[in-house]
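Student: I have a model open and a list of terms attached to it. Can we check what earns each term its place?

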Amino acid sequence: MVKLTVVLDVKETPVCEHGPAVLFERSEVNGPLKKQFFACSATRNGTCTFKSYKCKSTSSNSDNGNDEYAMVRNAAASQKVFCIKCQHLFLKTNLQDHKNHKTQNNLTEEVLREPTRFLAPLSVDGSEAQYFFADSTLHCINGIFKQLKITKVVCLGAPRLHEYLLTRTNIDSLLLDIDNRFAWFYDKTCFLQYNMFNNYFFDGMSAQNIFIHFLSNARSKDRICIFTDPPFGCRTELLAQTIRKTNQLYNKINSTTQNILPTFWVFPYFMENYIRKEIPSMEMVDYKINYTNHKTYNNSMKGLKHGSPVRFFTNVALDLFSLPTSEGYRFCSKCNKWVHNLNLHCKICNNCVSKSGATYRHCVRCNWCVKASYKHCDKCGRCTQARGHNCKLYRMQVSCRICLVKGHVEKMCSIWKNKKKCKCNISGCVICGAKSHIVSNCPERKMLLKEEYFLGSYQNIINATC
């Protein structure tokens, strides 16, 4: 099996139209390095023109281009026309340039303040896929911000949230997005063209200075957070690096050292391990995020059976904010967090364990809560998907619940085998056999691995030697 790894903090990289490229390493799993190569940070389907290892300069917006944006923005709404074909805002005096194109007239200031309501979403899933939040989701997010007393939001993507905050709340927002169409509607105090995967500002230092000013905690009551809604196929290593750099920059300009900005990251629930691998303090919020322009990630009749699989992950303590009861959420006093009504608390797992939106069941054989559709596999000692289950492939893809290392299940864990007698064929904890807890909560497991938990990260004899 081939493994593709991102190499971070490379001093010199080639550059494409999307900024500095990313260095990848291709190798066999647990095998020797096969190849290193650079690739575009923004596209994943080969559409970028970047093809060489040589550096070439990037072209930011010219002065003439910036003048045109400003001229259109500052004109009266009655003089503006939007070309649906070109996705271009222009003045009526230039109507001849779009003679045979379908256009949208009679624009008002109110309409122009919410461009995602009429802009065509970018739909290239390999680079700039855009899905816009439904109003119910926007209302929920804003409610969370109010509870946390957020006054400023750095929107890494999420343009609809950005416009919602600017038009309907008192929260200040700065949109950092690669889609430069927003320059027709926002000046640089509200929008900067930006690549979130390489921390690259297309307008160079002038844009960086605006960002620095936004991050500066000029008012003592300011509370800034980061909110990101990236393409779901993105490399989490790159975005996590950008979030870390933003935290570092915030601490530097505000003369602090340990402040960690509240962060919200929108991602499907089944991608949780990718986020937590990079930022272990991130916890999943059991809220189903809905989009207006996705075929299935919404509450319509065409949506998925258990609702949208998209959630958001945060480093904010989950008991500091509530979720809307009107949408079917409740507070679990045992977990000390808000969950969906269908997410039932398991006494043995000591958690409201559902991830998918469906009610999970506790399997007494593997002593773990699983999806209702799963079936127990005796060879793996786990419940898995009933269809298409391949023991060998499954074991390579999952992480051991004892040592947390990917590539084997509990039955194959060498650390445990060398220390304990096998209890995998009986119900209960595979370490001690108790039926009152699951293996991850087993006190003998912690002693076995000499495990400690600190600031959202596990440390044990396995990862201490990695």
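Tutor: We take confidence, then one strand and its partners, then the empty spaces.

Student: What makes parts of this model fit for detailed reading?

Tutor: The model is predicted, with local features needing a pLDDT of at least 70. The protein chain averages 85, and 84% of the residues score at least 70. Strand β10 (residues 172–177) has the highest confidence, at 97. Strand β26 (residues 457–459) has the lowest, at a mean of 52.

Student: Why be careful with residues 51–62?

Tutor: The pLDDT there is below 50. Beyond near neighbours in sequence, the stretch still has 25 contacts in the model. Residues 124–128 are also below 50, with 15 such contacts. Where pLDDT is low, the coordinates should not be read in detail. So take those contacts as features of the model only in outline.

Student: How do you know that both faces of strand β6 are covered?

Tutor: Side chains in a regular strand alternate between the two faces of the sheet. In β6 (residues 80–83), K80 and F82 lie on one side, V81 and C83 on the other. Buried means under 20% relative accessible area. These four residues are all buried, on both sides.

Student: What makes β6 and strand β7 a pair?

Tutor: At least two bridges are needed. β6 and β7 (residues 88–91) have four, in the antiparallel sense. C83 stands opposite H88 in β7. The hairpin has four residues between the strands, and Q87 takes a positive phi near 55°.

Student: Why does strand β8 count as a partner of β6?

Tutor: The cut-off is at least two bridges. β6 and β8 (residues 103–104) have two, again antiparallel, so they pair. F82 has Q104 as its bridge partner in β8.

Student: Why is one space called a cavity and another a pocket?

Tutor: In a cavity a 1.4 Å probe fits but cannot get out, whereas a pocket is open. The structure holds three cavities of 30 Å³ or more. The second largest cavity has about 70 Å³ of space. Its lining includes C366, W368, R382, R401 and E410.

Student: What makes up that lining by residue class?

Tutor: Six nonpolar, three polar and three charged residues.

Student: And which residues lie nearest the centre of the second largest pocket?

Tutor: N247, I260, I279, S281 and N315, out of 16 lining residues. The pocket holds about 410 Å³ of space. Helix α6 (residues 236–253) gives the most to its lining, with five residues. The lining divides into seven nonpolar, seven polar and two charged.

How values were computed. Residues are numbered from 1 along each chain as its sequence is written. This is a predicted model: local features need pLDDT of at least 70, side-chain atom pairs count only at pLDDT 80 or more; totals for chains, interfaces and linings use all residues. Side-chain values use heavy atoms; hydrogens and water are left out. pLDDT is the predictor's confidence in each residue, from 0 to 100. Contact means heavy atoms within 4.5 Å. On a 1 Å grid over the protein atoms alone, a cavity is a set of points where a 1.4 Å probe fits but cannot get out, and a pocket is an open set with protein on both sides within 12 Å along at least five of seven lines; lining residues have an atom within 4 Å of a point. Grid points are joined across faces, edges and corners, and a volume is the space filled by probe spheres set on the points. Ala, Val, Leu, Ile, Met, Phe, Trp, Tyr, Cys and Pro count as nonpolar, Asp, Glu, Lys and Arg as charged, and the others, Gly among them, as polar. Buried means under 20% relative accessible area, exposed over 50%, partly exposed in between (1.4 Å probe, protein chains only).
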